[in-house]
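This briefing covers a two-part question: how do the chains meet, and how are selected helices packed? The entry shown here is the subject.

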Amino acid sequence: MTERGGVLARQRYLADYTVAAMARRRARNLGLLAVYGGMVFVLASVLFYTSALKHEAGLLLAEAPEIVVQRMIAGRHDLIPGGHTAALTGIRGVREVQPRLWGYHYDAAVRANYTLMVPPDRDLEPGTAVIGPALARARGASAGDMLSFRGHDGALTAFRIDAVLPQASTLASADLLLVAEKDFRRLFGIPEDRHTDLALHVPNPREVQTVAEKVLEALPDSRPILRDEILRTYDAVFDWRSALVLLPLSGALLAFAILAWEKASGLSADERREIGILKAIGWETSDVLQMKLWEGALISLLAFLLGTTAAYWHVFGLSAPLLAPVMQGWSVLYPDFRLTPTVSATQLLTLFFLTVFPYLVATLVPVWRAAVTDPDEVMR
Amino acid sequence: MASGTPRHRPRSRPGDRALIVLLLASLALAGSLLHAALPRAEAHTQHAPMLVRDLGLTGLALFTEARYTRHLGLGDRHAAFRDHPMALEHFPSGSLLPPPRHLHD
């Protein structure tokens with residue numbers, strides 16, 4: 001037999017012995033596998049869900065206006081007068097200044113906030129509205145139905161639903177109510193020359209910061225908000241929320257770490273005797289170490305593979321029913337969406353080194369200590 | 001060998017069985033990663049960005065209960081104290097959301 005064949009055969013015998021030994025303590029090892037796999041599942045679910053939401057937010061908000069200019073009065077957002085639009089139009093680097101009309105409406109019927117908006121690119125007929133999918137679901141409305149809202153003066157304004165926005169856009173449009181400019185102004189009592197804010201389109205990304213500074217010079221009472229700031233805010237929110245999910249779990253994680261350490265490092269009397277006997281019948285220290293490496297590797301790899309696979313299908317197959325309520329919030333109008341699967345090599349490697357590696361190290365150190373001592377002493 | 005002697009049937013070895021389980025679990029994960037890598041023409045990856053561009057939207061409809069949670073990036077500096085400086089936070093997601101990062105800077 002060649003040398004390589006000999007090494008392989010030796011490893012196969014070691015694996016056979018290890019698995020047979022593990023089967024003798026079946027309940028203990030299966031229990032450990034379940035808890036270990038569960039921990040990997042929770043960690044991987046949070047990791048996958050957070051990064052998928054960040055990815056989705058990045059994808060969507062990459063299309064948002066480069067700069068939004070708000071007017072501030074006494075620290076609060078206020079309506080922006082028409083003169084402000086003219087003041088920004090001449091700034092070099094700004095392709096278009098688009099006055100926006102949007103706001104919120106609280107609907108007491110379903111106890112939900114809608115985002116009302118005048119679409120800049122399409123002319124809606126007064127008296128008609130286009131609604132978001134979650135709003136349509138909450139009100140049980142579809143195209144052709146009528147919805148009425150009480151305006152600022154108490155008068156009811158009725159809208160005929162022209163269309164419901166596609167379900168595919170729900171992450172951005174769940175609570176939208178698109179209405180004509182005339183209806184919007186009447187509903188909220190907004191004068192003709194006022195807008196909610198201004199969207200600035202700056203085609204060159206390197207000019208955005210300079211344009212923002214020029215906006216502040218031209219309009220000291222305004223606040224330019226850059227698209228990058230909005231994206232960073234969303235990143236921070238999802239990081240914060242994943243930390244909030246992991247915080248209550250940290251106790252469980254710690255408990256598992258102690259359990260794993262105890263299981264891996266504190267050899268039981270049986271195991272010590274087993275090592276002693278193996279040494280007495282001629283096993284080398286390296287054989288014992290390899291046998292324990294097989295045991296640790298089998299449990300931790302299996303826990304990693306099963307936990308990560310289960311987390312993947314939990315997040316991307318079932319839309320994370322265990323995590324979504326915490327990560328999304330408590331809105332009445334939930335967008336009902338599926339996340340696009342995004343798993344990176346970095347995520348998998350991070351998970352692997354966080355879960356498999358420490359367990360293997362914890363397994364080997366005490367076994368090495370037991371294996372290098374005299375068999376007679378170990379068995380006593 | 002006598003014709004009546006039961007033929008020895010090689011049993012699968014415990015180590016091999018464990019490796020098969022490990023291999024199956026690896027295949028399951030590899031299959032999931034393959035599923036993630038599949039090119040998909042899902043409608044929501046096209047519709048939603050288009051809508052954001054057309055309407056000039058600035059926030060996701062994830063937390064719609066309050067204005068400063070619906071449009072996170074646009075919240076003003078006093079959003080959480082909109083009624084008066086000692087006002088308590090009304091909405092659960094408001095207390096779970098950190099203030100926008102640009103307000104820290």
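The points below deal with the contact between the chains, one residue within it, the make-up of chain B and one helix of chain A. The model is predicted.

**Contact between chain A and chain B**

- Chain A contributes 81 residues to the contact, and chain B contributes 62 residues.
- About 6300 Å² is buried between chain A and chain B, and carbon and sulfur atoms account for 67% of this area.
- Three salt bridges link chain A and chain B.
- One of these salt bridges pairs A:Arg12 with B:Asp16, with 2.6 Å between the closest N and O atoms.
- Between the two chains there are 11 residue pairs in polar contact, with both residues of each pair at pLDDT 80 or more.
- On the side of chain A that touches chain B, 52 residues are nonpolar, 15 are polar and 14 are charged.

**B:Leu51**

- B:Leu51 belongs to helix α2 of chain B, which spans residues 44-55.
- B:Leu51 counts as buried because its relative accessibility is 10%, and the cut-off for buried is under 20%.
- Beyond neighbours within four places in sequence, B:Leu51 is in contact with A:Leu165, A:Ser169, A:Ser173 and A:Leu176 from chain A, and with B:Gly56 and B:Leu57 from chain B.

**Make-up of chain B**

- Chain B has five helices and zero strands.
- Read from the N terminus, the order of elements in chain B is α-α-α-α-α.
- Chain B has 105 residues, of which 40% count as buried.
- Among contacts in chain B with a separation of 6 or more, 39% are between residues 24 or more positions apart.

**Helix α3 of chain A**

- Helix α3 of chain A covers residues 82-89, and its buried residues are A:His84, A:Thr85 and A:Leu88.
- These buried residues lie on the same side of α3(A), because the arc they cover around the axis is only 105°.
- The elements of chain A that cover the buried residues of α3(A) include the strands β1 (67-73), β3 (80-81), β4 (96-100) and β12 (197-201).
- Helix α7 (208-218) of chain A is also among the elements that cover them.

Terms used: Residues numbered from 1 in each chain as written. Chains lettered and ligands numbered in written order. Predicted model: local features only at pLDDT ≥ 70, side-chain atom pairs only at ≥ 80, totals over all residues. Heavy atoms only, no water. Contact = heavy atoms within 4.5 Å. Buried area = accessible area lost by both parts, 1.4 Å probe. Salt bridge = Lys/Arg side-chain N within 4 Å of Asp/Glu carboxyl O. Polar contact = N/O pair within 3.5 Å; in protein donor to acceptor, adjacent residues only side chain to side chain. Nonpolar A, V, L, I, M, F, W, Y, C, P; charged D, E, K, R; others polar. Helix = DSSP H or I, 4+ residues; strand = E, 2+ residues; numbered from the N terminus. Buried < 20%, exposed > 50% of the residue type's maximum accessible area, 1.4 Å probe, protein only. Arc of directions from axis to C-beta.
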